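Welcome! Here is a short briefing to help you find your way around a structure you have not met before. Have a look at it first, and then read on.

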Amino acid sequence: MACVKTTTQNQFALPGTIKELLVRIDNMQKEAVTLATTNGCNTCAFVPAYNTKPIAIYTCNGFLTVRTTPGGTETATYFRVENVNNDETVVLRLLTEADGVFTCTTNTITFKISCICGIQCFGSINCQLCGEA
């Protein structure tokens, strides 16, 4: 007979979950962007060296792949966490990659956290966010 631990807690609120990792990444990135804010005015005069932790997302069907433009052929498999919305969704900025260099796009998607099976993190980069809300 196998021992099975059951819980009535929300699975996304448990320590060490994918949601917790997304929140940590989101918080670290927001702290880096806050360092670039002077007197409440976001400026490019001082930009921290790294404000983005690129991630790849694995679903039960493999890598999450999204078209970078409607009807286009270019796709993104790397993302920047923009915001974690409660326990259900995450807003992701699409990143393109060429020859090991990540480029941040202006496009975002909202993805259901419960559809994420795994996350792979990559080295931090600077994502130009000046002038964006």
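What percentage of the 133 residues of the protein chain count as buried? The share is 35%. Please keep in mind as you explore that this is a predicted model.

**Overall layout**
- The protein chain contains one helix and 10 strands.
- Followed along the sequence, these elements come in the order α-β-β-β-β-β-β-β-β-β-β.
- If you take the contacts between residues at least 6 apart in sequence, 56% of them join residues at least 24 apart.
- About 8300 Å² of the protein chain is exposed, and carbon and sulfur atoms supply 53% of that area.

**How confident the prediction is**
- The average pLDDT of the protein chain is 80, with 72% of the residues scoring at least 70.
- Among the elements, β3 has the highest mean pLDDT, at 97, while strand β1 (residues 37–38) has the lowest, at 52.
- Residues 1–14 have a pLDDT below 50, and this stretch makes nine contacts in the model beyond near neighbours in sequence.

**The nonpolar cores**
- The largest nonpolar core has 18 residues, and those touching the most other members are Leu-22, Ile-55, Leu-64, Phe-79, Val-81, Val-90 and Leu-92.
- At least two residues of this core come from each of α1 (18–35), β3 (55–59), β7 (78–85), β8 and β9 (101–112).
- Leu-22 is a good place to start looking: leaving aside residues up to four places away in sequence, Leu-22 touches Ile-55, Val-81, Val-84, Val-90, Ile-113, Ile-116 and Ile-119.
- Another core, of five residues, lies apart from the largest one, and its members include Ala-56, Tyr-78, Leu-95 and Phe-102.

**An aromatic cluster**
- A search of the whole structure turns up four aromatic pairs.
- In one of them, the ring centres of Tyr-78 and Phe-102 are 5.0 Å apart and the planes meet at 80°, so this pair is edge-to-face.
- Tyr-78 sits in strand β7 and Phe-102 in strand β9, so to speak as partners from distant parts of the chain, 24 residues apart.
- Both Tyr-78 and Phe-102 are buried.
- Tyr-78 also pairs edge-to-face with Phe-122, with 5.2 Å from centre to centre and 80° between the planes.
- Since Phe-122 lies in the segment after β10 (118–121) and Tyr-78 in strand β7, the pair ties together parts that are 44 residues apart in sequence.
- Phe-122 counts as partly exposed because its relative accessibility is 22%.
- Together, Tyr-78, Phe-102 and Phe-122 form one aromatic cluster.

**Two charged residues to look up**- Arg-93 is found in strand β8 (residues 89–98).
- Arg-93 counts as buried because its relative accessibility is 6%, and its side chain makes a polar contact of 2.9 Å with the side chain of Glu-82.
- Asp-99 lies in the loop between β8 and β9, and counts as exposed because its relative accessibility is 80%.
- Most residues other than glycine have a negative phi.
- Asp-99 is not a glycine, yet has a positive phi of about 55°.

Note on methods. Residues are numbered from 1 along each chain as its sequence is written. Side-chain values use heavy atoms; hydrogens and water are left out. Helices (H or I, at least four residues) and strands (E, at least two) are DSSP runs, numbered from the N terminus. Buried means under 20% relative accessible area, exposed over 50%, partly exposed in between (1.4 Å probe, protein chains only). A polar contact is a pair of N or O atoms within 3.5 Å; within protein, one must be able to donate a hydrogen and the other to accept it, and residues adjacent in sequence count only if both atoms are side-chain atoms. Contact means heavy atoms within 4.5 Å. Accessible areas come from the Shrake-Rupley method with a 1.4 Å probe; for residues, only the protein chains shown count as cover. A nonpolar core is a set of buried Ala, Val, Leu, Ile, Met, Phe, Trp, Tyr and Cys residues joined through side-chain atoms within 4.5 Å. pLDDT is the predictor's confidence in each residue, from 0 to 100. Rings of Phe, Tyr and Trp (its six-membered ring) pair if their centres lie within 6.5 Å; planes under 30 degrees apart count as stacked, over 60 as edge-to-face and the rest as tilted.
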